[in-house]
Structures are given as C-alpha cells and as structure tokens.
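Here are a few exercises to work through with the model open beside you. Try each task yourself before reading its solution.

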Amino acid sequence: MLYHMSCALCMSSKTLLLRSQSAVPLFSAGQVIFRNNPPSASAMSKDTLHSKIKTAEVVTAHPEPQNGGALDTRPVKKRENYISWEEYFMSVAFLSAQRSKDPSSQVGACIVDEENKIVGIGYNGMPTGCSDDELPWAREGLYLETKYPYVVHAEQNAIMNRNAASLKNCIVYVGLFPCNECAKLCIQAGIKEIVFVSDKYKDQEVFIASRRLLDMAGIKYRQFIPRSRSIVLNFDVIDPALFAAQT
C-alpha cells in the first residue's frame, strides 16, 4: 500500500532513504521512491527538488506480500520489554563493578543528573598509580595489611570521574549503601538522593554514622527493588551471524 508524504516529513526524517530506481522487488520501511528516474539532487534547483519530493511515494512499514499473501496492515508498535531508567542506571553501576580487582567485594556507582544523563561512573579499586598487585586485598589482619586503608570506594571514584562541572541535585545509583566517608563526599558534592541495592552492613558504626549524616543534610536514600534477579547482556543479539561460526 502506497501513501503520499509531505515535503516537511521527507526533509526532516533521518530514516528515509531516497532512491532513484522506479521499482524494486521488495522495499524496506521508510524508503522514498522517485517515479520516472529524476536526475540527481545536485542537478536540480531547490524548488524542483522540493516539488519532486512532494510527490514522492512512501512504502509503508510492512513489506509488500509475497507469493500472493495478504498485506499486513497492522501498525508497528514500540517494544514493551525494555528496561526502566532505574534498571538501566543500576545496571550500569553493576556492569562497572566488574572492572573491580577486589576479590571479595565488587561495587559500582553511577551518577545521573536531572535530565537522566550519566555524569559519573566508578568502581572500587586502588588509587591511580598505585599497583593493585602490590597493595593488599585482605579483609582481616593488621590494619595496614588489609585493603581498607588503600581502596577508593565506588562512589568516591564516580564523583572524581565526573564529566560535569557540578553534581548538584544528581542521583547516585550504587550497589551498597555508602559508608560515612562516601556519605560526606556525596553531601559536599551536592548529591540529592542515593539509590542502593543492599544495606547488609547497616549495623556497623560507619553506616550508622552515614545515615546520621545523610539525614542531617536532607539527602534522600532508598533501596532499589529490581523486577528480576538479572539483566543479561547478549552480544549476539545485534548480529547472530557474528557468533554462528563459533558454535
């Protein structure tokens, strides 16, 4: 089924493909076909080109039926199984956590501004220039032989890695509830809300102090409850043929 389209639509849409052929066996969605094989756009005057575009015919989103089948005229609707903004941001935090070298705790953080734009990402690890092969990763033992004096937390790295001049009124998505040191940095940075997955260390003094500081500063914090246990990344979803030879 063919429809006429306005000049404004043709000139503004990035998905339309101008073709000079008068007929092809199967059209893709959004193609514009000139009848009578007009000359190239460079050879036309502006007014002539607009006139040609005005009378161009657009093939609908559904291909023409093959083998005598019926034309599918149902409207094409958007995907319904896409992830929410919060699932997206928390997934970015969890994905960045996979960069952590910490053998016991991999934590990531993602900072988002008021326009839902990511402005900072970080994960827990050793400071820049400090070898994560030489410094300790132990959780127990003499203080200086554990990871605690050395590791930079995910929230701290996300704040330091920011790509915005200010983090005022931003939201932090993080795997674990922030400790008192991270809470202080969030307060100073102007963060307005903290969204976390786990608060499993809430009875430890540093996290009690953290909540006290956040409450006094008026920073909101809440637990993120995912709709599903996992979000799977399949690299072959974009092109299954890329991995077909490996199976």
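**Exercise 1. Start from I194 and find its surroundings.**

Task: leaving aside neighbours within four places in sequence, which residues is I194 in contact with?

Solution: Keep in mind that you're looking at a predicted model. Select I194 and skip anything within four places of it in sequence. What remains in contact is V172, V174, P178, C186, L214, I219, K220, Y221 and R222.

Next, zoom out. I194 belongs to the largest nonpolar core, which has 22 residues. Along with I111, L167, V172, V174 and I191, I194 is one of those touching the most other members.

Now ask which elements build this core. Strands β5 (108–112), β7 (171–176) and β8 (193–198) each supply at least two residues, and so do helices α4 (154–160), α5 (180–189) and α6 (205–217).

Finally, look for a core apart from this one: there's another, of 10 residues, with F89, A93, I171 and Y173 among them. As background, nonpolar side chains in soluble globular proteins tend to be buried together.

**Exercise 2. Follow a salt bridge between two strands.**

Task: where do E193 and R222 lie, and how many residues apart in sequence are the parts they tie together?

Solution: First check the pair itself: E193 and R222 form a salt bridge, with their closest N and O atoms 2.4 Å apart. E193 sits in strand β8 and R222 in strand β9 (residues 220–223), so the bridge ties together parts 29 residues apart in sequence.

Then check accessibility. E193 has 12% relative accessibility, so it counts as buried, being under 20%. R222, at 31%, counts as partly exposed.

One last step: look for a further partner. E86 joins E193 and R222 in a network of salt bridges.

**Exercise 3. Try a pair inside one helix.**

Task: which helix holds both E181 and K184, and how many residues apart are they?

Solution: Both lie in α5, 3 residues apart, or about one turn of the helix. Their salt bridge has its closest N and O atoms 3.1 Å apart. On accessibility, E181 comes out at 40%, partly exposed, and K184 at 37% is also partly exposed.

**Exercise 4. Sort one more pair.**

Task: is R74 buried or exposed?

Solution: R74 has a relative accessible area of 59%, so it's exposed, the cut-off being over 50%. Its side chain meets that of D72 in a salt bridge (2.8 Å, N to O). D72, at 27%, counts as partly exposed. To round off, the structure holds 8 salt bridges.

How values were computed:
Residues numbered from 1 in each chain as written. Predicted model: local features only at pLDDT ≥ 70, side-chain atom pairs only at ≥ 80, totals over all residues. Heavy atoms only, no water. Core = buried A, V, L, I, M, F, W, Y, C linked by side-chain atoms within 4.5 Å. Buried < 20%, exposed > 50% of the residue type's maximum accessible area, 1.4 Å probe, protein only. Helix = DSSP H or I, 4+ residues; strand = E, 2+ residues; numbered from the N terminus. Contact = heavy atoms within 4.5 Å. Salt bridge = Lys/Arg side-chain N within 4 Å of Asp/Glu carboxyl O.
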